Amino acid sequence: MYTLNDKISGLVPYEPVSGTYKIRLDANESCFNLPVEIMAQLHMALDSLDFNRYPDPNAQELCTAFAGYYGIDAGCVTAGNGSDELISIIMNAFLMKDDTLVTVEPDFSMYRFYASLSEVNCVQVQKADGLNIDVDVVLRTVRETGARAIIFSNPCNPTSKALRYDEVRKLLNGTDALVVLDEAYMDFWEQSLLHEVNAYDNLLILRTASKAVGAAALRLGFAVANPVITRALKAVKSPYNVNSFSQAAGAVLYKNRDYLSNVKKTIVSLRNALYNGLIELLQDFPDRFALVEGNTNFVFIKTWDAKDIFEYLLQNGIAVRLMGGYLRVTAGTQEENEAFLKTLRVYFTGKKA
Ligand SMILES: *Cc1c(COP(=O)(O)O)cnc(C)c1O
């Protein structure tokens, strides 16, 4: 009889918040679909595709448009089927079975997931109460465990906290291990090391089109690194990993630079509005919850009844993300944010009475 091996027998398929909710603030997507002008450009790109041909394995046009938007060299860029795919490739190829990877906790759960599939040994550094990364502790852990790689998100999902670039440089300079710096939310903060990849032999940066760019549907991720790492990545990825339509659509998107920088600013102001709305709520309900000052497109809330609030919001058609004693709430449109804040106020009012 065939039986599944130990590393996969207990796994279950990934399920985001299931069901249909009129307000989705649970997945850190952009709250804006693409405008009609860009949709029209996408239609044109679709019209000129050769559907009978394999995609460009190097995703040249896409990588050039991405590099153009960020002002970097296209030769440093590798495209992936979402940054999730790139994380998986890194775990598989840049680490050997039983190598050690250092992660921090809490952080993006996919790192540990792919590490375990690759039979990589994962050592977690627990963040202290302030949820900050202590670079010295990470470096000490890397030294003591002989780790071959470190991975973390900056700014962090789920905490929304961020490390300044001098801290990240200190980490890079303090180790020979590969530092995988996941900048999925860096569009919202501006402390990117994208321009410095050639200064380090151990830096690999990940970016995505799923958050600020508003194209989670396309599944586009990017790795940015020096030529040695980039060449290795291109050699180990599957040749046609990014389909032709996503390549063409992504190229269109990254060429619309004004649109991207404007929508990013709008999302930041919506995040600020959400944050300020919560601060106001705190004034009426002191100590009811605690807030993390955010550097992303979401807000991280600590409260003892996170689960009850989560369920109450769901009953009212609003999906957020429940993470233990925390709620992670993506900035929505003005109307969505207001509906969320109003519902939360009703919840607190009820509890208070
Ligand atoms: C959303 C997210 C990603 C992006 O994943 P994609 O596969 O590109 O959609 C990567 N890292 C973190 C920390 C994220 O939150």
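How much area does the chain expose, and what share of it do carbon and sulfur atoms supply? The chain exposes about 16800 Å², of which carbon and sulfur atoms supply 51%, with accessible areas taken from the Shrake-Rupley method with a 1.4 Å probe, where for residues only the protein chains shown count as cover.

Before I go on, please keep in mind that this is a predicted model, in which local features need pLDDT of at least 70 and side-chain atom pairs count only at pLDDT 80 or more, while totals for chains, interfaces and linings use all residues. Residues are numbered from 1 along each chain as its sequence is written, and side-chain values use heavy atoms, with hydrogens and water left out.

Turning to the overall fold, the chain has 12 helices and 13 strands, which are DSSP runs numbered from the N terminus (helices are H or I, at least four residues; strands are E, at least two). Along its principal axes the C-alpha trace spans about 65 × 55 × 55 Å, and buried residues make up 54% of the 353 residues, where buried means under 20% relative accessible area with a 1.4 Å probe, protein chains only.

Let me now look at strand β6, residues 178–182, where 5 of the 5 residues are buried, so the strand is largely enclosed by the rest of the structure. In a regular strand the side chains alternate between the two faces of the sheet. Here Leu178, Val180 and Asp182 point one way, whereas Val179 and Leu181 point the other way.

As for its partner, strand β5, residues 149–153, pairs with β6 in the parallel sense over 5 bridges (pairing requires at least two DSSP bridges between the strands), and phenylalanine 152 stands opposite leucine 181 in β6.

Methods:
Buried < 20%, exposed > 50% of the residue type's maximum accessible area, 1.4 Å probe, protein only.
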